[in-house]
Amino acid sequence: MRIPHDTRPRIVVGVDTHKHLHVAVALDQLGALLGSTTITVNRGGYTELRDWAHGLAGDKDDVPVVFGIEGTGSYGAGLASFLRRTGHQVIEVNRGDRSVRRQANAALHWILVVRMRFHEPTIAYVERRTREGRTTKEILRCLKRHLVREIYRTLVAPHKETKQLSLVA
């Protein structure tokens, strides 16, 4: 059984909201990066974001643009209101439960503590970075990023290969 995959053209703009600036990233319907931009938090910045997103569609007026905005109840409220008033679909993106993120972060930390004691490639990496003058905090941050990518590839890679094969078939 094949899982249907919607391949209609679409642009999804994810917006990370902050007090003075918002950062937006645009993806196409297949998840390919189309671009990113940073705007100021005012009407001019909101207009700039809207025009930028529509510019990514080129001459195709029928390509829908959907905005996913974090924090529509606080820093993103003005942008969400502006986009809704101009007829755009806005989806509120929740940050998730902080306790879950903290538990995941603690698990990653303990995995790295064990690796730094017993995993030869990690031990060699730590020694090399220490000789380069890196702090333990910097080394842990880099190792954590590497570990997350490793976990992501393990969990997602088989699914991506299946999706790509089904698109070819």
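Mentor: Let's start with a term: a polar contact is a pair of N or O atoms within 3.5 Å, where one must be able to donate a hydrogen and the other to accept it. Keep in mind that we're looking at a predicted model.

Trainee: What makes the pair Asn42 and Gly44 a polar contact at the start of helix 1?

Mentor: A side-chain oxygen of Asn42 reaches to within 3.1 Å of the backbone nitrogen of Gly44. The cut-off is 3.5 Å, so this pair counts as a polar contact.

Trainee: How do you know that the span of helix 1 agrees with what it should be?

Mentor: Helix 1 takes in residues 43–56, which is 14 residues, and at 1.5 Å a residue these should span 20 Å. The end C-alpha atoms are 20 Å apart, so the two values agree.

Trainee: Which residues of helix 1 are buried?

Mentor: Gly45, Tyr46, Leu49 and Ala53 are the buried ones. They're on the same side of helix 1, because they cover an arc of only 105 degrees around the axis. That goes with a general point: an α-helix has 3.6 residues a turn, so residues three or four places apart point the same way.

Trainee: And what covers those buried residues of helix 1?

Mentor: The cover includes strand 1, strand 2, strand 3, strand 4 and helix 2. The face turned away from the buried side of helix 1 carries Arg43 and Gly55, which are exposed.

Trainee: Why is Tyr46 called buried?

Mentor: Its relative accessible area is 9%, and buried means under 20%, so Tyr46 makes the cut.

Trainee: How many aromatic pairs are there?

Mentor: The count comes to 1. The partners are Tyr46 and Phe82, with ring centres 5.8 Å apart and planes at 40 degrees.

Trainee: Why is that pair called tilted?

Mentor: Planes under 30 degrees apart count as stacked and those over 60 as edge-to-face, with the rest being tilted. The planes of Tyr46 and Phe82 are at 40 degrees, so this pair is tilted. The pair also links distant parts of the chain, since Tyr46 sits in helix 1 and Phe82 in helix 2, 36 residues apart.

Trainee: What makes Phe82 count as buried?

Mentor: Phe82 has 2% relative accessibility. The cut-off is under 20%, so Phe82 counts as buried.

Trainee: Why does Thr122 in helix 4 count as buried?

Mentor: Thr122 comes in at 5% relative accessibility, which is under 20%, so buried is the right word. Leaving aside neighbours within four places in sequence, Thr122 is in contact with Arg115, Met116 and Leu143.

Key
Residues numbered from 1 in each chain as written. Predicted model: local features only at pLDDT ≥ 70, side-chain atom pairs only at ≥ 80, totals over all residues. Heavy atoms only, no water. Helix = DSSP H or I, 4+ residues; strand = E, 2+ residues; numbered from the N terminus. Expected span 1.5 Å × (residues − 1). Buried < 20%, exposed > 50% of the residue type's maximum accessible area, 1.4 Å probe, protein only. Arc of directions from axis to C-beta. Contact = heavy atoms within 4.5 Å. Phe/Tyr/Trp six-rings, centres within 6.5 Å; stacked < 30°, edge-to-face > 60°.
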